[in-house]
Amino acid sequence: EKGSPVASLVGAVKAMRDYRSQNGLPDGGIKIEFAEGTYNVTEGITLTAEDSGEEDKPVVFTGAKGAEVLFDGGITIKPSDFLPADDGFKSLLQTEEAKQNVVMIDLAKAGCYDLNSTKEYLRKKSTEFNPNTSAESDYYRQELFVNGKRQSLARWPNETYCNPEIDREVGEYDSKDGYVLIYIPEKQAELWRSVDKIEFYGLPVFEWANTCLPDIDVSEEESALMFPVFKSDYGITSDCLYYVYNIPYELDSPGEYYWDTKTNFLYYWPTEGFETAGISFSQFAGVPFTLDGCSYISFENL
């Protein structure tokens with residue numbers, strides 16, 4: 001009812017259900033209208049057959065006429081919440097320009113919630129999607145958006161892929177003790193050995209068989225990534241395209257960030273105009289709407 005609006009998606013669905021429990025489905029159906037604005041989504045809603053409309057009594061979720069309505073699974077962060085990076089992190093950066101520009105934020109203090117349980121949720125979902133996936137092979141990737149544009153986790157190489165066959169400086173690869181060794185430049189190997197786990201994204205054989213792995217190590221004996229063969233259904237070939245990411249040493253250009261998942265501090269090299277930018281850190285790991293056995297429900301202008 002317009003005289004007593006609610007403030008969230010969950011609240012709107014609850015209000016609809018309360019009304020229907022007392023009054024049934026009225027002639028002409030039900031319209032749930034959202035005023036202009038951004039609605040933060042922290043939990044999803046499953047609509048079931050009991051929420052269904054009828055052919056001449058539809059249930060419609062809609063934005064108000066002319067309104068811009070956005071459901072946002074992120075937490076809004078103020079530019080002023082960021083502070084200059086501490087000296088400890090600056091010591092990891094490889095250029096003076098990066099040291100002068102990188103800022104940091106405590107995600108927990110900024111209002112980001114369930115940072116660890118979100119990772120556990122996505123790890124569980126990835127295992128459900130592919131029962132052969134190990135519990136460690138999760139696909140979580142919470143993301144930073146600035147003015148609606150997704151920023152890049154600090155990665156190597158920047159904005160492209162490596163290919164063991166084409167990139168001669170990377171060299172070839174061979175196998176050792178259940179691992180495929182992917183050779184990398186000596187400089188990177190020396191730096192990355194101190195990183196707890198390297199996060200890997202690649203296309204080992206087929207472009208539809210992409211693999212995200214959060215537990216790639218650097219060989220202590222050679223300048224090579226150690227790709228665990230048993231973590232992929234398809235192994236790896238010389239045609240593999242890959243990059244590695246969320247590495248503090250590789251935070252080397254504007255728009256990149258590193259998320260320390262142990263401390264939940266995020267380090268970022270701001271892009272131009274950052275002081276007045278709209279910033280969001282994605283949080284929501286689920287789906288805003290799940291439809292289960294519904295009919296005559298529609299979504300408009302959202």
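Reader: Let's start with N301: buried or exposed?
Author: N301 is exposed in this predicted model, with a relative accessible area of 54%.

Reader: OK, and where is N301?
Author: In the segment after β23.

Reader: What's phi for N301?
Author: Near 55 degrees, so a positive value, and N301 isn't a glycine. Most residues other than glycine have a negative phi.

Reader: What about phi of Y296?
Author: Positive too: phi of Y296 is near 60 degrees. Y296 is in the loop between β22 (289-291) and β23 (297-300).

Reader: And why does Y296 count as partly exposed?
Author: Because its relative accessibility is 43%, and partly exposed covers the range between 20% and 50%.

Reader: Switching topic, which residues does the cis peptide bond join?
Author: W156 and P157, with omega at about -10 degrees. Most peptide bonds are trans.

Reader: Where is P157 found?
Author: In the loop between β12 (155-156) and β13 (173-176).

Reader: Now β1. Which side chains there are buried?
Author: I30, I32 and F34, which point to one face of the strand, residues 30-34. K31 and E33 point to the other face and are not buried. In a regular strand the side chains alternate between the two faces of the sheet.

Reader: How many bridges join β1 to β4?
Author: Five, and the two strands run parallel. Strand β4 covers residues 59-63.

Reader: Which residue in β4 is the bridge partner of I32?
Author: F61. I32 is one of the buried residues on β1.

Methods. Residues numbered from 1 in each chain as written. Predicted model: local features only at pLDDT ≥ 70, side-chain atom pairs only at ≥ 80, totals over all residues. Heavy atoms only, no water. Buried < 20%, exposed > 50% of the residue type's maximum accessible area, 1.4 Å probe, protein only. Helix = DSSP H or I, 4+ residues; strand = E, 2+ residues; numbered from the N terminus. Pairing = 2+ DSSP bridges.
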